[in-house]
Amino acid sequence: MIVITAPTGNIGSGLLARLLDSGEDLRVIVRDPARLPDAVRERVEVVVGSHGDAEVVDRAFEGADAVFWLVPPDSTRTPAEGWSGFTRPAAKALAAHGVGHVVGVSALGRGTAVADRAGLVTASLAMDELIAETGVAYRALANPSFFENLLEEVDSIREKGVYTDVLEPDRKAPLVAVADIAAVAARLLLDRTWTGFADVPVLGPEDLSPNDLARIMTEQLGIPVRYERESLDDLRSTLLGYGLNEAFVHGIADMKHAKDNGLDAGVTRTVDTASPTTFEQWCAEILKPAFES
């Protein structure tokens, strides 16, 4: 029995699709079962509710051999409350039900000089420690930023040929497609011969800078696309203007600042840490259809 949290999200839905024909019994935790495709809902056991709720995870983890754990960011809470606070009931349920293996979505940065002041990433790394302390075998998927973050920029790219971020324009860093994260999670959940606690970096095929991304989007979309760097102060002001929790906003800014100072540079890309989807492929398959819709 494998329990999947956030099964309707980008990573969870991709993972679920990979596991449906695996021969494993699958149980999902979801607030709204109607968001699951009919063909999926008929083939899985559904536990309705939030996986931050103690009663829900207690029911969901009973009889489970493995759990896929993903915390949805909550902009109404502080980073510590959003990750460790949300996960604490699950940690108790993991121990109570003797769950053997957990694969969690986390971030790069553990062991770097900026890991303790990286905002949302610092909170995610603390969540990993909380899960590992239960004694469960745990693999933290250590991810860089996602290609999919650029989908938030589609309107700006279409209307102005511009996308923005706060990173230094020529700083190269790893980026990854969420489909590749789902693939690694599926492999680990189906294997379950591993023990202890370890990070599993998922680094994409190459490091790219914001200017590299703009160049590739120009080639793939057929329009000029340029990168504009905004200040951290402007980013904070914009996000606070949306009514987000102030500590959460500072957590985003601290994470961005840490990424510009080596947070994602602590792991070397190897055959084991690379993932296959190129940015060109992702643009053709995901970004361009969104851009043209």
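Helices and strands are here DSSP runs, numbered from the N terminus, a strand having at least two residues. The structure is a predicted model, and in that model N143 has its place in strand β6, which covers residues 137-143.

**Two buried positions**

With a relative accessible area of 2%, N143 is buried, because buried means under 20%. A polar atom of the N143 side chain lies 3.2 Å from the backbone oxygen of L141. When residues up to four places away in sequence are not counted, N143 touches V105, S106, A107, L108, I181 and V202.

I252 belongs to helix α10, which runs over residues 246-259, and I252 is likewise buried, at a relative accessible area of 14%. Leaving aside neighbours within four places in sequence, I252 is in contact with L120, L235 and L239. A118 is 134 residues away from I252 in sequence, yet the two C-alpha atoms are 8.3 Å apart in space.

**Helix α8 and its surroundings**

Helix α8 comprises the 12 residues 210-221, and at 1.5 Å a residue it should span 16 Å; the C-alpha atoms at its ends are 16 Å apart, which agrees with that expectation. Which residues of α8 are buried? They are P210, D212, L213, A214, I216, M217 and L221. The elements that cover these buried residues include the helices α6 (154-160) and α11 (279-292), together with the strands β8 (162-165), β9 (173-176), β11 (207-208) and β12 (226-229). Just after α8, G222 takes a positive phi of about 75 degrees.

**The three-stranded sheet**

Strands β9 and β11, named above among the elements covering α8, also take part in an open sheet of three strands, in the order β7-β9-β11 and with mixed pairing. Strands β7 (145-146) and β11 stand at the edges with a single partner strand each, so one side of each is left without a neighbour in the sheet. The strands β7 and β9 run parallel and are joined by two bridges, and F146 has V176 in β9 as its bridge partner.

**Salt bridges**

Side chains of opposite charge can pair when their charged atoms come close. For this model the count comes to 20 salt bridges, among them the three pairs in the table.

| Pair | Closest N to O distance |
|---|---|
| R117 and D116 | 3.2 Å |
| D260 and R171 | 3.1 Å |
| R229 and D260 | 2.9 Å |

In the pair R117 and D116, R117 is exposed at a relative accessible area of 51%, and D116 is exposed at 60%.

D260 forms a salt bridge with R171; since D260 lies in the loop between α10 and α11, and R171 in the loop between β8 and β9, the pair ties together parts that are 89 residues apart in sequence. Is D260 buried or exposed? D260 is buried, with a relative accessible area of 10%, whereas R171 counts as partly exposed at 34% relative accessibility.

D260 also forms a salt bridge with R229, and this pair links distant parts of the chain, R229 being in strand β12 and D260 in the loop between α10 and α11, 31 residues apart. R229 counts as partly exposed, at 46% relative accessibility. Elsewhere, R110, D128, E129 and D199 are joined into one network by salt bridges that share partners.

Note on methods:
Residues numbered from 1 in each chain as written. Predicted model: local features only at pLDDT ≥ 70, side-chain atom pairs only at ≥ 80, totals over all residues. Heavy atoms only, no water. Helix = DSSP H or I, 4+ residues; strand = E, 2+ residues; numbered from the N terminus. Expected span 1.5 Å × (residues − 1). Buried < 20%, exposed > 50% of the residue type's maximum accessible area, 1.4 Å probe, protein only. Contact = heavy atoms within 4.5 Å. Pairing = 2+ DSSP bridges. Polar contact = N/O pair within 3.5 Å; in protein donor to acceptor, adjacent residues only side chain to side chain. Salt bridge = Lys/Arg side-chain N within 4 Å of Asp/Glu carboxyl O.
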